Amino acid sequence: MAKVYVLTSGKGGVGKTTVTANLGCALAKDGNRVCLIDADVGLKNLDVVLGLENRIIYTILDVVNGNVSPKDALVRHKNLKNLFLLPASQIATKEMITPEDMIKIVEELNGDFDYILIDSPAGIERGFRNAIAPANFAIIVTTPELPAISDADRVIGLLENNGFDDKNIILILNKFKVNMARKGEMLSEMDVQKALAIELIGVIPESDDVIISTNRGMPVVLESEYGISKNFVNIVRRLKGEEIPLESDIPSAINFLAKFFSFFKKR
Amino acid sequence: MWILDIFKKHEKKNSREEALKRLDNMMSRRRDIIQKIPQDVFEKNSEEIKREVIRVISAKFNVPVERVKVDCQEEDGYVVIVTNINFK
């Protein structure tokens with residue numbers, strides 16, 4: 001049986017799709033069979049971040065309409081043979097898919113995978129309800145800014161109303177500006193965790209590497225062993241129960257030197 | 001002009017404290033978790049639930065219970081509680 005995670009947030013632009021793609025790749029690199037489902041119907045992006053946009057033949061709408069089975073609609077990743085994507089449809093609307101459809105799709109895929117990650121659309125409307133319906137665990141993605149934290153809190157409340165509790169809701173803090181937090185100019189990772197009162201499972205510092213890797217259609221986890229790709233590996237290890245301190249997600253002066261020397265290695 | 005810049009930087013350094021204060025304020029206003037009530041339980045106890053809602057509202061807004069009117073209606077599978085409070 002697969003562990004089914006929904007990656008969600010209240011506010012858009014916090015990096016759910018990037019986190020889903022990288023986490024999926026990190027899990028697949030770790031030897032797990034992984035299926036990513038793009039539930040952001042109408043505004044699909046997960047295929048673009050994974051560099052699979054030209055390989056799509058069927059979408060989730062074809063599955064819902066009964067044209068193909070969920071397994072037939074899956075797109076295999078170019079580099080990772082154990083990573084698959086069920087793409088969203090750009091022409092469909094969220095109302096064309098129901099929570100029951102999503103539950104049925106996940107049930108059919110369940111036996112073939114170790115992990116199923118569902119990329120939820122932002123907001124709390126139908127798309128959100130579709131995305132959370134089949135999930136056993138929720139990962140809240142937020143940035144350390146007040147509007148994103150406030151919306152994340154709202155989403156946690158909605159998840160709790162839908163049967164989730166603090167044991168199966170976890171938090172990833174994305175686009176964390178280490179220098180600003182050090183100078184006391186923005187909220188720290190502990191401030192955000194304290195406010196939302198759920199387990200913080202990873203901190204992803206803001207990085208230019210993400211933009212570059214998205215441009216290439218190759219998630220950053222697959223391009224490098226250093227920098228923020230290490231953070232996704234840490235998240236995977238924490239998901240599997242290993243105790244890795246959060247401090248290892250935040251670059252220190254020593255890490256800066258390692259980065260400095262890796263620059264020369266790359267060249 | 002550079003003297004003014006020093007003060008600007010000083011203001012910027014307090015932005016975390018300002019954000020923390022605002023965050024605490026936002027979180028203190030968050031709504032309590034609302035437990036979902038199955039429809040059959042609701043139908044059996046609707047009068048009791050209405051009485052409890054009236055009691056909570058009258059305590060919250062400091063108005064006598066007779067000035068609070070509560071009605072329940074079903075909409076899209078959810079129970080909507082309609083309240084009317086007479087403050088005068």
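# A guided tour, starting at A:K16

Begin by selecting A:K16, which touches A:L7, A:T8, A:S9, A:K11, A:D119, A:S120, A:P121, A:A122 and A:V141, leaving aside residues up to four places away in sequence. Here a contact means heavy atoms within 4.5 Å. You are looking at a predicted model, in which local features need pLDDT of at least 70, side-chain atom pairs count only at pLDDT 80 or more, and totals for chains, interfaces and linings use all residues. Residues are numbered from 1 along each chain as its sequence is written, chains are lettered from A and ligands numbered from 1 in the order in which they are written, and side-chain values use heavy atoms, with hydrogens and water left out.

**Stop 1: stay with A:K16**

A:K16 is found in helix α1 of chain A. Helices (H or I, at least four residues) and strands (E, at least two) are DSSP runs, numbered from the N terminus. Which side chain of opposite charge is nearest to A:K16? It is A:D119, 5.9 Å away, and A:K16 is buried yet has no salt bridge. Two terms help here. Buried means under 20% relative accessible area, exposed over 50%, and partly exposed in between (1.4 Å probe, protein chains only). A salt bridge is a side-chain nitrogen of Lys or Arg within 4 Å of a carboxyl oxygen of Asp or Glu.

**Stop 2: salt bridges in chain A**

Side chains of opposite charge can pair when their charged atoms come close. The count over all chains comes to eleven salt bridges. Select A:K44 and A:D47 for one of them: their closest N and O atoms are 2.7 Å apart. A:K44 is buried at 16% relative accessible area, and A:D47 is buried at 0%.

Next, pick A:K71 and A:D112, whose side chains meet in a salt bridge with 3.0 Å from N to O. A:K71 lies in helix α4 (residues 70-73) and A:D112 in the loop between α5 (99-109) and β5 (115-119) of chain A, so this pair ties together parts that are 41 residues apart in sequence. Both residues are partly exposed, A:K71 at 48% and A:D112 at 31%.

**Stop 3: over to chain B**

Now show chain B, which has three helices and two strands, in the order α-α-α-β-β along the sequence. Of its 88 residues, 17% count as buried.

Zoom in on helix α3 (residues 39-61), where you will find B:I54. Is B:I54 buried or exposed? It counts as buried, at 19% relative accessibility. B:I54 touches B:V65, B:V68 and B:V70, again leaving aside residues up to four places away in sequence. For a distance to try in your viewer, take the C-alpha atoms of B:I54 and B:N25: they are separated by 27 Å, and the residues are 29 apart along the chain.

**Stop 4: a small network**

In helix α3 of chain B, select B:E47 and B:K50, which lie three residues apart, about one turn of the helix. They form a salt bridge, with the closest N and O atoms 3.6 Å apart. B:E47 is partly exposed at 48% relative accessible area, whereas B:K50 is buried at 18%. Add B:D71 to your selection: salt bridges that share partners join B:E47, B:K50 and B:D71 into one network.

How values were computed: Lys, Arg positive; Asp, Glu negative; His and termini not counted.
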